[in-house]
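Open your viewer, load the model and keep the selection box handy. We will go from one stop to the next, and at each one you will hear what to select and what is there.

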Amino acid sequence: MTGYEKLDELLKRENGIIRVRTAREHGIHHSYIQNYENMGKIERVSRGIYIAADTMEDKMYILNLQRNKIVYSHETALFLHGLTDRDPLFYDVTVPSGYNTKNLINEGITVYSIQSDLYSLGKTEVKTLFGNKVRCYNLERTICDILRSRNKADKSVMLDAIKRYSRLKEKNLNRLMKYAEEFNIKRIVKTYMEVLL
């Protein structure tokens, strides 16, 4: 199998997105990527990340690949979980305390920092609209995050999301209350859930 055939196969398997590092791991020399870029078959979207010319750019996935510490949270996580129909204009992400947020903020991303022991709580992977997996908080963590930031959140989005969550079959109220206790918002979560259930 030639380097080009390997590259074609990898692009197909990765939904048209290729990382130089991944190509290298599969024995594809960087010169094949450069040649494909020169031929217009792929284009560079970020350092070390390319997409096929016929592929729509999945900005959420690209950002996720660029920065391995970000976790989609708050209203962006609501969207990824189908708890809101409002497509986020700007992304909300959470990072561990001490992470340099300057570049993210300059890109228009809303960044939440949290202590390391709570950063991993509820971290999971969900698929974007393009079918690529990204790091995101689970349903219960997302509800807790929205309620913790209720003074900054869009009230109509927040209430609609909580109503949608309350109607889900796969909701886990025990987990929700456990997370609420971790974040010291148990009373607030209980109040909202009692009204809706």
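## Stop 1: helix 4

Select helix 4 and look at M60, Y61, I62, L63, N64 and L65, which are buried (under 20% relative accessible area with a 1.4 Å probe and protein chains only; over 50% is exposed, and in between is partly exposed). Helices here are DSSP runs of H or I with at least four residues, strands are runs of E with at least two, and both are numbered from the N terminus. Helix 4 is mostly covered, with six of its eight residues buried.

Two notes before moving on. This is a predicted model, in which local features need pLDDT of at least 70 and side-chain atom pairs count only at pLDDT 80 or more, while totals for chains, interfaces and linings use all residues. Residues are numbered from 1 along each chain as its sequence is written, and side-chain values use heavy atoms, with hydrogens and water left out.

## Stop 2: the whole protein

Zoom out to show everything. You should find 11 helices and eight strands, and a C-alpha trace that spans about 60 × 35 × 25 Å along its principal axes. Of the 197 residues, 46% are buried. Turn on the surface: about 11100 Å² is exposed, and carbon and sulfur atoms supply 45% of that area (Shrake-Rupley method, 1.4 Å probe; for residues, only the protein chains shown count as cover). If you draw a contact map (heavy atoms within 4.5 Å), residues 24 or more positions apart account for 55% of the contacts with a separation of 6 or more.

## Stop 3: strands 1, 2 and 3

Now select residues 49-52, which form strand 3. I49 and I51 point one way, Y50 and A52 point the other way, and all are buried. In a regular strand the side chains alternate between the two faces of the sheet.

Which strands join strand 3? Strand 1 (residues 17-19) runs antiparallel to strand 3 and is joined to it by three bridges; two strands count as paired if DSSP finds at least two bridges between them. To see this pairing, pick R19, whose bridge partner in strand 3 is I49. Strand 2 (residues 42-46) also runs antiparallel to strand 3, with four bridges, and here R44 stands opposite Y50. Strands 2 and 3 form a hairpin with two residues between them, and G48 in the turn has a positive phi of about 80 degrees.

## Stop 4: strand 5 and its partners

Select residues 92-96. Is strand 5 enclosed or open? Five of its five residues are buried, so strand 5 is largely enclosed by the rest of the structure. D92, T94 and P96 point one way, with V93 and V95 pointing the other way.

Add strand 4 (residues 71-72), which pairs with strand 5 in the antiparallel sense over two bridges; Y72 has V93 as its bridge partner. Then add strand 6, which runs parallel to strand 5 and is joined to it by five bridges. In that pairing, P96 stands opposite I114.

Go on to T101, in the loop between strand 5 and helix 6 (102-106). T101 counts as buried because its relative accessibility is 18%. Leaving aside neighbours within four places in sequence, T101 is in contact with V95, V111 and S113. For a distance label, try T101 to P88: they are 13 residues apart in sequence and 19 Å apart in space, C-alpha to C-alpha.

## Stop 5: two pockets

Rolling a probe the size of a water molecule over the atoms shows where empty space is left. A pocket here is an open set of points on a 1 Å grid over the protein atoms alone where a 1.4 Å probe fits, with protein on both sides within 12 Å along at least five of seven lines; lining residues have an atom within 4 Å of a point. Grid points are joined across faces, edges and corners, and a volume is the space filled by probe spheres set on them.

The largest pocket has a volume of about 260 Å³. Of its 16 lining residues, E75, T76, F90, D92 and T110 lie nearest the centre. Helix 5 (74-80) and strand 6 (110-114) are the elements that give two or more residues to this lining, and helix 5 has the largest share, three residues.

For the second largest pocket, with about 210 Å³ of space, select the lining residues, including V45, E57, K59, I62, L63 and Q66. Helix 4, our starting point, gives the largest share of this lining, four residues.
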